[in-house]
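Here is a walk through a two-chain model, from overall build down to single residues. Keep the viewer open as you read.

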Amino acid sequence: MEILDSGIGELFHIPDLDGHRAYIRENKKRALVEKVMTEQEAISKYVNDGDYLCYDCTMLMRGPSSLVREVIRQRKKNLGLGGRFTYMIVILMAAAGCVNRIDIGYIGVGAALKRAFDQGIKVAEWSNSTLTMRLLAGSLGIPFIPIRFLGGTGAFHYSAAKLAKDPWGDKEVVLVPALNPDVGLIHVHQCDVYGNARIFGPSVSPLEIATASKKVIVSTEEIIDTEYIRRDPGRTTIPYYLVDAVVEAPFGSHPGEVAGVYASDPESIFEMFRVAGDATGKQMEQFLEKTVYSITNHKEYLEKIVGLEKILALKRRATIKQGYS
Amino acid sequence: MTRATTFTEAEASCCITARMIKQGWDKSYWVGGGGTPLISALMAQKLYVPYLTLVLEDGVIAPQPDIPLDPLMVFVSAKANYRAVAWTNMNTVCSHASLGLFDYGILLTLQTDPYGNINSSFLGGDFYHPVRRFGGAGGANEIASMCWRTILHCTQEKRKFVKKMDFITSPGYLDGSPHARERAGLPANTGPYRVVTPEAVFGFDEETRYMKLLAIAEWVEVKDVLDKMDFEPMTAKKMERLEPPTEEELQILRVNVDPSGGTIGEGKWINL
């Protein structure tokens, strides 16, 4: 295939199709076995220093906030992040010193990203759908995927995409490499003990992440009986054999919302934006100390940081139920 | 319809865009992020096109949002996605755009140039050492690449309309040369269509792809607009005058669409 142009951005995670297949053959459980564990166990077992990590949605809506806090709490190092369609996850992890490379789709507060540059974190520029298309390729087990966007821009130039001649036609087409993250973190409405997970409402790319990632940790608002899954299989978003760990995490997206279950918490969200914008980084340090390091686990976070009164209020504010349950 | 005499710059841009959507009532609109693009679409839905084909970046198809939305959570929220006909995901709507199903994208831009390219990445310095850094392309790149036509929102300021940008995050007509977009791998016959500011509407010359001033608000003259640009656009032979917002439009915006004023409160107040 004739390559006409190449982005100069570093490809942080080079596709290795057969290596991935070999990993899956060895490690993914095909049997229907229980996978419930605490977030502490799940993160320590499945997230290694240096891993490349992707997550679905944002800390504003159905993001895996409690799992992200646990990654920070365990002071994981040198992680790579697929930062598309995100607000705070990249920023918190970078500020906590967990990250050494970021693929940027959209990462929220730019000032915090500038600080990350100064700390020597490497970045490549993409866009939201470029990264979800890369995950799609990863989930299909193919090495790359042609797309009709990204070309011609600075985002292309600082990515690792390529412009090629379509081998069957005469047109130029942009190619982006598959992304098979080491770890996928996904928060869902409901899941059974085996990992059959349901998401209600729109999403970014939960199934692509669950399918493409080597290790998949699902946190769930509630654990439901498999009988309910079998009665309504059309509502299963992620089937069990893609999932490695199931963590029960009610209010696990806080400060974000989970549609139909609880509303987002603007007070806490604005606090995060405010501390992220502090050029010295001091406020962020204090924020992480208060909400992550000084807290043992998600249950204690709910008790000490969120509190019963707010939990009830956020539940009350989620007045829309239709379609989300 | 009662002519309004006091409104914000953001309100002016929303009213202009909502009227465009009224004209294009049978077209589809792909909107990413919040801000004036989404507010314009919601305003048009309330006022002119109840069954607007609005598609959101996270896969929501034709929602009838439960407005007012929560502060900050202008989209990606249960309320914004309410009463849609389908909740899909990012790759699904991206593929719909790739197939040519989406007529218009509406995008907020930090900076634009004579060819309607968009910068939303950084200002000053270089890529690895930016003076001011922003969030990145987000979904703007795919919207600007694959919708048939893109409508850009920008404020009328010299630092926003620049000859050459520090970075092209999302594509306009690139360097303006014939078929520049296709050579870069983008779909044919796509590109920026209008640039809407609170006081002007621009299009692009069919030959040169250079930005062209088409219409101005009644409280400015052509010179006032040109003074607030770093480059001189082409100007239409017959300059149109934009009708100012009406009280009826503003009522919908302020009471029904954005009562907290989070978006429509942006920019200076205009007093006629």
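Among contacts in chain B between residues at least 6 apart in sequence, what percentage join residues at least 24 apart? The figure is 69%. Bear in mind that this is a predicted model.

## Chain B as a whole

Chain B has seven helices and 16 strands. Lay it along its principal axes and the C-alpha atoms fill a box of roughly 45 × 45 × 35 Å. The radius of gyration is 18 Å, which agrees with the value near 19 Å that a compact globule of 272 residues would have. Buried residues account for 56% of the 272 in this chain.

For a look at the end of the chain, pick B:N271, which sits in strand β16 (residues 269-271) of chain B. B:N271 counts as exposed because it has 8 C-beta neighbours inside 10 Å, and 12 or fewer is the cut-off for that label. Leaving out residues up to four places away in sequence, B:N271 touches B:T5 and B:T6. The C-alpha atom of B:A4 is 9.1 Å from that of B:N271, although 267 residues separate the two along the chain.

## Where the chains meet

The contact between the chains draws on 52 residues from chain B and 50 residues from chain A. On the side of chain B that touches chain A, the elements giving two or more residues are α3 (90-99), β10 (129-133), α4 (140-146) and α5 (180-183) of chain B. By residue type, that side of chain B divides into 24 nonpolar, 17 polar and 11 charged.

## An open sheet in chain A

Over in chain A, four strands make an open sheet in the order β1-β7-β8-β6, with antiparallel pairing. Which strands stand at the edges? They are β1 (3-6) and β6 (144-147) of chain A; each has a single partner strand, so one side of each is left without a neighbour in the sheet. From one strand to the next, the twist averages 30°.

Follow β6(A) inward and you meet strand β8 (residues 172-177) of chain A, joined to β6(A) by four bridges and running antiparallel. One pair to find in the viewer is A:I145 with its bridge partner A:V176 in β8(A). Helix α6 (residues 128-140) of chain A packs on this sheet and touches β6 and β8 of chain A, its direction making about 140° with that of β6(A).

## The buried strand β9

Strand β9 (residues 183-191) of chain A has nine of its nine residues buried, so the strand is largely enclosed by the rest of the structure. Strand β2 (residues 52-55) of chain A pairs with β9(A) in the parallel sense over three bridges, and there A:C54 stands opposite A:G184. That glycine, A:G184, also has a bridge partner in β11(A), namely A:V216. Strand β11 (residues 215-223) of chain A runs parallel to β9(A), with eight bridges joining them.

The pairing with strand β10 (residues 197-198) of chain A is antiparallel, over two bridges, and puts A:C191 opposite A:A197. β9(A) and β10(A) form a hairpin with five residues between them, and A:G195 in the turn has a positive phi of about 110°.

A:T237 is worth a stop here: this residue lies in the loop between α9 (226-231) and β12 (245-248) of chain A. Is A:T237 buried or exposed? It counts as buried, because it has 20 C-beta neighbours inside 10 Å, and 20 is where that class begins. Beyond its sequence neighbours within four places, A:T237 is in contact with A:V188, A:A197, A:R198, A:I199, A:P206 and A:L207. The C-alpha atoms of A:T237 and A:Q190 are separated by 9.9 Å, with their positions 47 residues apart along the chain.

## Nonpolar cores

In soluble globular proteins, nonpolar side chains tend to be buried together. Here, the largest nonpolar core has 173 residues, and those with the most contacts inside it are A:I91, A:M93, A:I217, A:V218, B:Y29, B:A41 and B:M43. Take A:M93: not counting residues up to four places away in sequence, it touches A:V68, A:V71, A:I72, A:L79, A:L81, A:C98 and A:V99. A second, separate core has five residues, among them B:F122, B:F134, B:M165 and B:I168.

Definitions and conventions: Residues numbered from 1 in each chain as written. Chains lettered and ligands numbered in written order. Predicted model: local features only at pLDDT ≥ 70, side-chain atom pairs only at ≥ 80, totals over all residues. Contact = placed C-beta atoms within 7 Å. Nonpolar A, V, L, I, M, F, W, Y, C, P; charged D, E, K, R; others polar. Pairing = 2+ DSSP bridges. Axes fitted to C-alpha atoms, helices over the stretch in contact; angles between N-to-C directions. Core = buried A, V, L, I, M, F, W, Y, C linked by C-beta atoms within 7 Å. Rg over C-alpha atoms; globule rule 2.2 N^0.38 Å.
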